[in-house]
Amino acid sequence: MGYVKRTALAAAVMTAAATAPAHAGPVIEVDGQHAHRVNDPAVPTRAEIAMSMPVRASAAGVVARASTKRGRRAVYAALRRELRRKHIGKAQYRRWRATYVRSIRTLRHLGGARSTQLRYVLTSVESLALRRLLIPSRMPAVFLQLERNRQYWPHMPYPAVGDQVSFRGSELLYQYFAGEGLQLHPLSIFKKANHLHGFCERKEPTCDEAALRRILDEMTALAVKRSRGFIAWEYLFYFGGGTPPWMSGMAQSTGIQALGRAAQLLHEPKYDATARRALGAFSAAPPTGVRTTGPRGGVAYLQYSFAPRLYIFNAFLQTEIGLYDFSNLAANDRARGFYADAIDEARAEVPYSDVGDWSLYNYAGHESTPPYHELLREFLDSLCTRRQGAVFCEYAKKYRGYQVDPPTVNYEGPATATEDEPVALRFNLSKLSAVQVTVTRPDGRVVLDRLATFRRGTGAFTWTPRGPSTFTVRVAAKELRTGMGKRGSDTADVVVENRPG
């Protein structure tokens with residue numbers, strides 16, 4: 001069953017409210033000389049595959065360089081060298097050289113932003129060649145990505161940042177990064193494979209075993225042999241200070257998980273074998289692999305192989321889930337060992353993700369956005385349901401409460417004040433909220449009405465009463481993070497006395 005059929009079926013099933021998953025993602029589908037936007041239930045949403053760095057990337061890293069004679073010579077030399085060594089065949093040599101030459105010619109006819117996108121991808125190929133990193137196992141991914149950008153930029157609709165793009169006849173997904181063109185996104189592709197697996201596992205009408213085979217066969221062909229002998233699915237663009245090619249522990253583990261699931265469902269041992277070849281990433285230190293020492297002293301796995309001190313909570317937990325699932329699906333002791341090496345560190349890190357009313361994205365770092373908070377909660381819950389530790393259950397429940405519980409605000413005083421003297425109306429707040437204080441006289445007239453944003457803890461508004469009376473103070477809070485707008489409030493009386501003398 002092909003892509004169009006899946007899309008049509010999804011529409012019918014959504015109407016019946018029976019099987020279409022709520023996570024169906026939009027994708028720009030390229031079909032020959034035309035492209036249109038569709039919702040494919042197998043495509044992950046932006047929230048599922050968003051890549052975030054809590055540091056600012058240097059703008060210089062994403063500026064496309066000009067193609068140079070030296071760069072072009074390096075590409076041609078790399079192709080000739082590997083052909084001479086018989087590491088690539090004549091057909092591959094001719095096809096990849098033609099892709100490169102056509103891309104140069106296409107670039108000459110482009111201008112503006114479209115030229116910038118293709119130029120970045122083209123010069124990335126040259127940069128790899130100049131650094132002698134355009135190796136035979138990397139060439140399939142490099143030249144396929146170049147060809148897709150060459151096809152796309154002359155005439156196809158200009159994408160928004162983060163848009164995903166697919167090409168008819170292939171299950172692969174590319175994501176648009178501003179200034180860096182369309183980039184293969186292994187995490188997105190393997191999440192799509194997991195969705196396809198889920199459709200078939202649940203025997204839904206959107207099940208497409210042929211598509212599942214196709215996507216994993218395509219990704220197997222694009223795996224790169226790294227220097228420690230394992231295979232990896234790489235990212236080929238500059239990101240957050242990382243120079244390509246780099247890899248992601250989360251994407252690697254998700255790929256291993258997807259391959260293991262498909263091997264069982266489809267009775268295809270070749271997918272199990274591919275997954276086993278990818279496990280070495282979890283024994284190799286960065287930047288070759290993703291194994292490192294975590295902030296609590298145990299083994300940890302990195303989201304980004306170029307960032308050995310960036311410990312991202314949701315990525316670490318998802319990496320562990322992938323290893324755990326594959327170890328059980330394939331009865332694989334090596335995967336089980338890698339999982340066991342790091343699970344104590346994961347348990348130890350989880351409490352450090354809690355700021356009291358929300359979660360942190362990375363250890364001792366930035367707060368999660370609402371989508372990342374939910375992603376972390378989901379992974380905690382996944383480890384809880386797999387019975388991997390009470391701490392995962394505890395924090396999954398706690399983080400859900402942070403999302404759905406209304407803010408609690410308690411007025412703390414004072415109960416008395418003196419006319420014409422400033423007084424701090426103090427309150428205690430349970431979570432980040434917009435807080436409004438109103439003070440009214442006995443006749444209902446409002447004498448103070450102020451609004452400000454406060455974080456969890458103690459806050460105060462200053463008020464100078466004008467005359468003795470018993471005033472009513474109401475403090476109301478509206479939570480800001482989840483968009484649900486839940487509210488809490490507290491009310492108290494303040495007796496204002498005459499100023500002495």
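In this predicted model, the side chain environment of F392 is a convenient place to enter the structure: leaving aside residues up to four places away in sequence, F392 touches L317, I343, A346, R347, V350, L380, L383 and C384. F392 belongs to the largest nonpolar core, a set of 130 residues in which L134, F143 and F392 are the residues with the most contacts. The helix that gives the most to this core is α9, which supplies nine residues. In soluble globular proteins, nonpolar side chains tend to be buried together. Another core lies apart from the largest one and has 20 residues, including L429, V439, V473 and V496.

One of the residues that F392 touches is L317, and its number places it in helix α11, which runs over residues 313-329. How far is α11 enclosed by the rest of the structure? Of its 17 residues, 15 are buried, so α11 is largely enclosed by the rest of the structure. The length of α11 can be checked as well: at 1.5 Å a residue its 17 residues should span 24 Å, and because the end C-alpha atoms are 25 Å apart, the two values agree. Just after α11, A331 takes a positive phi of about 50 degrees.

A331 introduces the subject of backbone geometry. Most residues other than glycine have a negative phi, and most peptide bonds are trans. R132, which lies in the loop between α5 (112-130) and α6 (139-152), has a positive phi near 60 degrees. H267, in the loop between α9 (249-266) and α10, likewise has a positive phi, of about 55 degrees, although it is not a glycine. Are these two loop residues buried or exposed? R132 has a relative accessible area of 54%, and because exposed means over 50%, R132 is exposed; H267, at 68% relative accessibility, counts as exposed too.

Cis peptide bonds are found at two prolines described here. The bond from P286 to P287 is cis, with omega near 5 degrees, and P287 has its place in the loop between α10 (269-278) and β10 (291-293). A cis peptide bond also joins G413 and P414, where omega is about 10 degrees, and P414 is found in the loop between β12 and β13 (416-418).

The strand β12 leads on to a sheet. Three strands form an open sheet in the order β12-β14-β17, with antiparallel pairing. The edge strands are β12 (409-413) and β17 (457-463), each of which pairs on one side only. Neighbouring strands of this sheet are turned by 30 degrees against each other on average, with direction ignored. Strands of a sheet pair through backbone hydrogen bonds, either parallel or antiparallel. Between β14 (residues 423-429) and β17, which run antiparallel, there are seven bridges, and L429 stands opposite G457 in β17. L429 is also among the residues of the core of 20 residues, which gives this part of the sheet a link to the packing described at the start.

Charged side chains add a further set of connections, and a search of the whole structure finds 26 salt bridges. One of them joins R226 and E234, with the closest N and O atoms 3.0 Å apart, and both of these residues are buried. Another joins D357 to R481, the closest N and O atoms being 3.1 Å apart. This pair links distant parts of the chain, since D357 lies in the loop between α12 (333-349) and α13 (370-385) and R481 in the loop between β18 (469-479) and β19 (487-497), 124 residues apart. D357 is buried, with a relative accessible area of 4%, and R481 is buried as well, at 12%.

The side chains of E367 and R455 also meet in a salt bridge, at 2.1 Å from N to O. Here, too, distant parts of the chain are linked: E367 is in the loop between α12 and α13, and R455 is in the loop between β16 (446-454) and β17, 88 residues apart. At 30% relative accessibility, E367 counts as partly exposed. Which residues are linked in a network of salt bridges? D357, E367, R455 and R481 are linked in this way.

Terms used. Residues numbered from 1 in each chain as written. Predicted model: local features only at pLDDT ≥ 70, side-chain atom pairs only at ≥ 80, totals over all residues. Heavy atoms only, no water. Pairing = 2+ DSSP bridges. Helix = DSSP H or I, 4+ residues; strand = E, 2+ residues; numbered from the N terminus. Axes fitted to C-alpha atoms, helices over the stretch in contact; angles between N-to-C directions. Expected span 1.5 Å × (residues − 1). Buried < 20%, exposed > 50% of the residue type's maximum accessible area, 1.4 Å probe, protein only. Salt bridge = Lys/Arg side-chain N within 4 Å of Asp/Glu carboxyl O. Core = buried A, V, L, I, M, F, W, Y, C linked by side-chain atoms within 4.5 Å. Contact = heavy atoms within 4.5 Å.
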